[in-house]
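Colleague: I have a new model open and would like to learn how to read it. Could we go through it together, feature by feature?

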Amino acid sequence: MKELEIYSSDYSTVMDLPYADGGVRAGFPSPAQDYLDKSLDLNRELIDHPAATFYARVVGLSMIRAGIDEGDILVIDRSLEAQHNDIVVAFVNGEFTMKYLDLSQKNQNRILLRPANDDFPPIEISPYDDFTVWGVVTKVIKNLRR
């Protein structure tokens, strides 16, 4: 079950990119800006906790109904405490997987990892499983043109 390729983040570089300060309208067109006077650094935009942030490339289709497709890049923050319904990267019995964290039955000692694709079953975590929430997915970078 190989679902993720995990990479560390490199926060040491700065890459200022032109930034359309007025935004890009998704409704009616607006007058075009003649120039882009601000810049945006994607490292600072995507990463809140540099020492605890990792990237992963998605391998597999278990989260497609959440809008996460194969080849997308995840931004994973290991410093955050996972909450019910967070999309998490979990380490289960020696393998990484990405699913919704379902804590709705935690008081019954039951934790589920729910996929966002009906073709995949949920993973029920038992007390005998080697299980850790490795990190919380905070952002998804999509490639819209392959």
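Modeller: Happy to! Helices and strands here are DSSP runs, with at least four residues for a helix and at least two for a strand, numbered from the N terminus. Keep in mind that this is a predicted model.

Colleague: How many helices and strands does the protein chain have, and in what order do the elements run?

Modeller: There are 10 strands and 1 helix in the protein chain. Starting at the N terminus, the order is β-β-β-α-β-β-β-β-β-β-β.

Colleague: What share of the contacts joins residues 24 or more positions apart?

Modeller: Take the contacts with a separation of 6 or more: 60% of them are between residues 24 or more positions apart.

Colleague: And how much of the chain is buried?

Modeller: Of the 146 residues in the protein chain, 30% are buried. Its exposed surface comes to about 9700 Å², and carbon and sulfur atoms supply 51% of that.

Colleague: Let's go inside, then. Which residues touch the most other members of the largest nonpolar core?

Modeller: That core has 13 residues, and the ones touching the most other members are M63, I68, L74, I76, I87, M98 and V137. At least two residues of this core come from each of β4 (53–58), β5 (73–77), β6 (87–92) and β10. The top contributor is β4, with 3 residues.

Colleague: I87 is on that list. What is I87 in contact with, leaving aside its neighbours within four places in sequence?

Modeller: I87 contacts M63, A66, I68, M98, K99, Y100, V136 and V137. There is also a second core, separate from the one we just discussed, with 9 residues, including A82, A90, V92 and I111.

Colleague: Now the aromatic rings. How many aromatic pairs does a search of the whole structure find?

Modeller: The search gives 3. One of them is F96 with W134, at 5.4 Å centre to centre and 80° between the planes. The pair counts as edge-to-face because planes over 60 degrees apart fall in that class.

Colleague: Where along the chain do the two partners sit?

Modeller: F96 belongs to strand β7 (residues 95–102) and W134 to strand β10 (residues 131–141), so this pair links distant parts of the chain, 38 residues apart.

Colleague: Is each partner buried or partly exposed?

Modeller: The cut-off for buried is under 20% relative accessible area. W134 has 13%, so it is buried, while F96 has 26% and is therefore partly exposed. Ring pairs also join F96 and W134 with F54 and F91 into a cluster.

Colleague: What about nonpolar residues on the surface? Which ones form a patch?

Modeller: L61, I64 and F120 do, and together they have about 230 Å² of accessible area. L61 lies in the loop between β4 and β5. Its relative accessibility is 43%, so L61 counts as partly exposed.

Colleague: One last feature: the backbone. Which residues other than glycine have a positive phi?

Modeller: Two examples are N85, with phi near 75°, and N93, with phi of about 50°. Each is in a loop: N85 between β5 and β6, N93 between β6 and β7.

Colleague: And how accessible are N85 and N93?

Modeller: N85 has a relative accessible area of 38%, so it is partly exposed. N93 is partly exposed as well, at 45% relative accessibility.

Definitions and conventions
Residues are numbered from 1 along each chain as its sequence is written. This is a predicted model: local features need pLDDT of at least 70, side-chain atom pairs count only at pLDDT 80 or more; totals for chains, interfaces and linings use all residues. Side-chain values use heavy atoms; hydrogens and water are left out. Rings of Phe, Tyr and Trp (its six-membered ring) pair if their centres lie within 6.5 Å; planes under 30 degrees apart count as stacked, over 60 as edge-to-face and the rest as tilted. Buried means under 20% relative accessible area, exposed over 50%, partly exposed in between (1.4 Å probe, protein chains only). A nonpolar core is a set of buried Ala, Val, Leu, Ile, Met, Phe, Trp, Tyr and Cys residues joined through side-chain atoms within 4.5 Å. Contact means heavy atoms within 4.5 Å. Patches are made of residues with over 30% relative accessible area and no salt bridge: like charges are joined within 9 Å, nonpolar side chains (Val, Leu, Ile, Met, Phe, Trp, Tyr) within 5 Å. Accessible areas come from the Shrake-Rupley method with a 1.4 Å probe; for residues, only the protein chains shown count as cover. A salt bridge is a side-chain nitrogen of Lys or Arg within 4 Å of a carboxyl oxygen of Asp or Glu.
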